[in-house]
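Open the model in your viewer and keep the selection tool handy. We will begin with one helix and work outwards from there.

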Number of protein chains: 2
Amino acid sequence: MEYTPHSELKDRLIRLQRAMSVAGLEAVLIMENMDMYYFTGTAQAGYVWVPASGLPVLMVRKDQARAALESRWNPVPVRSLRDLPSILGEAGLPVPAVAGLEMDVLPVREFWRIQQQFPAVKWEDASGLIRRVRSVKSPYELSILRECGKLHDNLFAHIPRVLTEGIPETTLAAELESFLRRQGHQGYVNFRGFNLEMHYGHILAGPQGAVASSTESPTGGLGLGPAFPFSVSRHAITRNVPVGVDYVGRYHNYLVDQTRIYVIGELDPELQRAHGVALDIQEEIAKRAVPGVSCGSLYQLAVEMAQEAGLQDHFMGWGNQVSFIGHGLGLELNELPVLARGVEERLEEGMVVAVEPKFIFPNRGVVGIENTFVVTAAGLERLTCFQDEVIAVP
Amino acid sequence: MEYTPHSELKDRLIRLQRAMSVAGLEAVLIMENMDMYYFTGTAQAGYVWVPASGLPVLMVRKDQARAALESRWNPVPVRSLRDLPSILGEAGLPVPAVAGLEMDVLPVREFWRIQQQFPAVKWEDASGLIRRVRSVKSPYELSILRECGKLHDNLFAHIPRVLTEGIPETTLAAELESFLRRQGHQGYVNFRGFNLEMHYGHILAGPQGAVASSTESPTGGLGLGPAFPFSVSRHAITRNVPVGVDYVGRYHNYLVDQTRIYVIGELDPELQRAHGVALDIQEEIAKRAVPGVSCGSLYQLAVEMAQEAGLQDHFMGWGNQVSFIGHGLGLELNELPVLARGVEERLEEGMVVAVEPKFIFPNRGVVGIENTFVVTAAGLERLTCFQDEVIAVP
């Protein structure tokens, strides 16, 4: 089992405390699993109290023994939220006037309980601040992400061996997921936020693959039932339609996101051309996405290129378009930055983004590309490297 | 694609409005995916406003066309929360004095936005009320759940064909998940609540299977990394250790939960005996769980039987015990009722529960059973029917 090095945890703490100081927060109470894991090395259930300076207090409900193995922040046991004031008091930490919580995910009922325990504290939303700290990846994280990219490329090389005419979409999904799990895919993808649900992969084949999404994704898929309206349907895969394979890899705790288009036979020239436009957009973004560039300008660039190609109505949805072209990822699939309309935030070296220009053709299918990149001084560097062109099988 | 019959939706609405009337709520605003799906037939992103009487207003952000196919409540388009007051005003609905929200899952930030749009409303927690309405399954739901049980039994009959000495746990998971996906498993399990994360299955083999859970589950498993500390590890499966297979089936939108123990060779007599005690507990609960019995009394019964057998320290955890013996399920894995310590709620006919007496032996493994049942006048009726005994393979 790989544990987060202590030097990483110390560096992350310093960056968080620096951001807290700028925001005027005297403390932050962290509870969300991936925030916990990032700042402590453990995702065991509990609380982390981060003061403005000095060491955090890691309080673990369960499992204490696992947390002690995984985190160097010496976890102390806690039974419930009611114990927090006394634990923090014993640690000599003052009750803050203003403190932060993960208001983007913390349920109201839990918040009410926290307010009861800390009646004098003014609670503010610290989720943006936490997510910004997490958005710049360390060399340690990048080394894991590079390994994830290599592992995930294997899937896309494997697909031509199992994609055959008439194969049910469910069987293809079974084959691909079996391949991923065999090579250590962890089977779960964190997708931060209320109502955001995610299986770790989507197969989007032909007309049923072009069915719209109910979530903030350019593609959806018909799915196997309205309660989870995504990905594979009960159809079999036919010749000459695009078969989009959009899978998230999760290995060694980290995520990469990748999409490729396959076809049994030959793709319609109009769809083939749109795929080429997606590759041009990807190439242009990869060149321009250097530190200091605003996220919104990259989205704008993509929209303009889609327009020039006369494909604006198909870009990132059909009558149901999303207004982004890429998203940060790492421990969660929807981290910062977001390459979206109007976003003024600027890229920094070490940010990791999935860029996914896609075109949706109703009743025909989905084409386009998705790769995971790291922002460098020279532009985007690829973490997922399998060939971008449409892969034709006979 | 199966759509929820209109008669079902009408009946669910009536039962919700009756509960609202008792609770003094003039309206409920529903947003959570599975609550949306239950009351409208669609899980497309949006809002349902349920007034104290009369028809609900289904407002859909995306995808409008899918929602119109799936729900008979005539979805109206909505762009954002800001549109709600005017849509409701146009529908002739008064602004309520007291209304309900799903406070158990609604994030604080989203709540603040709702408060801004409805400054005169006093918002209360309606999640308990909604979950109680959902806890009693209709004949329509039970017919789907029976089919789910039959499908899921197939997995457990399949396992002896793939469980062999030395097979990596990850490969076994790959084989089982491939089997499930081929037969239409939807691949995603809704697990309601903050920080509750779930892959649809766990393999708990030998010592690594006995590693404690960080969540409200009797079992955890070592997992493949601390960010998702559950289920399979990088180990291979050896002879004479219990191999627990705990998978959630999801077919036709509904869930069943089932655990069986396999062994290559022979199980230690102490573990074999504990497994027998788990079966005795299951049998006794199945007999006693008739309408009107309190949930807490069934938990108490199980604890006493574990004590009589001298196994109380191993029951439902090791040094990390959970205080329940069963849980409701249907669209979510953790529905009401919960057969837990001190719960006074009484069983009703048509409730569906997974009962899971389990014993954890540190450094040795997990034994016990889990089946999904429906509450009938004669006690629990099984929805999952594969044999309960330990399954030995040569």
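Start by selecting α6 of chain A in this predicted model. Show the side chains of A:S127, A:I130, A:V133, A:R134 and A:S135: these residues of α6(A) are buried. An α-helix has 3.6 residues a turn, so residues three or four places apart point the same way. Keep that in mind as you look down the helix.

What do the buried residues of α6(A) pack against? Colour the helices α1 and α2 of chain A, then the strands β6 (122-125), β10 (324-328) and β11 (335-340) of chain A, and you have their packing partners.

Next, zoom out to the domains. Colour residues 6-133 of chain A as domain 1 and residues 136-393 as domain 2. The centres of these two domains of chain A, taken over C-alpha atoms, are 34 Å apart. Where they touch, nine residues of domain 1 of chain A are in contact with nine residues of domain 2 of chain A. On the domain 1 side of this contact, α1 (6-23), α2 (33-40) and α6 (127-135) of chain A each contribute at least two residues. The largest share of that side comes from α2(A), with three residues. Colour the domain 1 side by class and you will find four nonpolar residues, five charged ones and no polar ones.

Now bring chain B into view. How many residues of chain A are in contact with chain B? Select 58 residues in chain A, which are in contact with 57 residues of chain B. Look on the chain A side for α2, α3 (64-70), α5 (108-117) and α8 (169-182), the elements of chain A that each give two or more residues to it. Pause on α8(A), which gives the most to this side, with nine residues. Coloured by class, the chain A side divides into 24 nonpolar, 19 polar and 15 charged residues.

Then compare the two copies. A turn of 180° with a shift of 0.0 Å along the axis lays chain A on chain B, with an RMSD of 0.0 Å. That is the relation of a two-fold axis. To find the axis from chain A, select A:P107: of the residues of this chain, A:P107 comes closest to the rotation axis, with its C-alpha at 2.1 Å.

For the last stop, highlight the interface residues in both chains. Why do the copies meet through the same surface? Because 98% of the interface residues of chain A are also interface residues in chain B.

Key:
Residues numbered from 1 in each chain as written. Chains lettered and ligands numbered in written order. Predicted model: local features only at pLDDT ≥ 70, side-chain atom pairs only at ≥ 80, totals over all residues. Domains from an automatic or database assignment. Contact = placed C-beta atoms within 7 Å. Helix = DSSP H or I, 4+ residues; strand = E, 2+ residues; numbered from the N terminus. Nonpolar A, V, L, I, M, F, W, Y, C, P; charged D, E, K, R; others polar. Least-squares fit on C-alpha atoms with pLDDT ≥ 70 in both. Buried ≥ 20, exposed ≤ 12 C-beta atoms within 10 Å, placed from the backbone.
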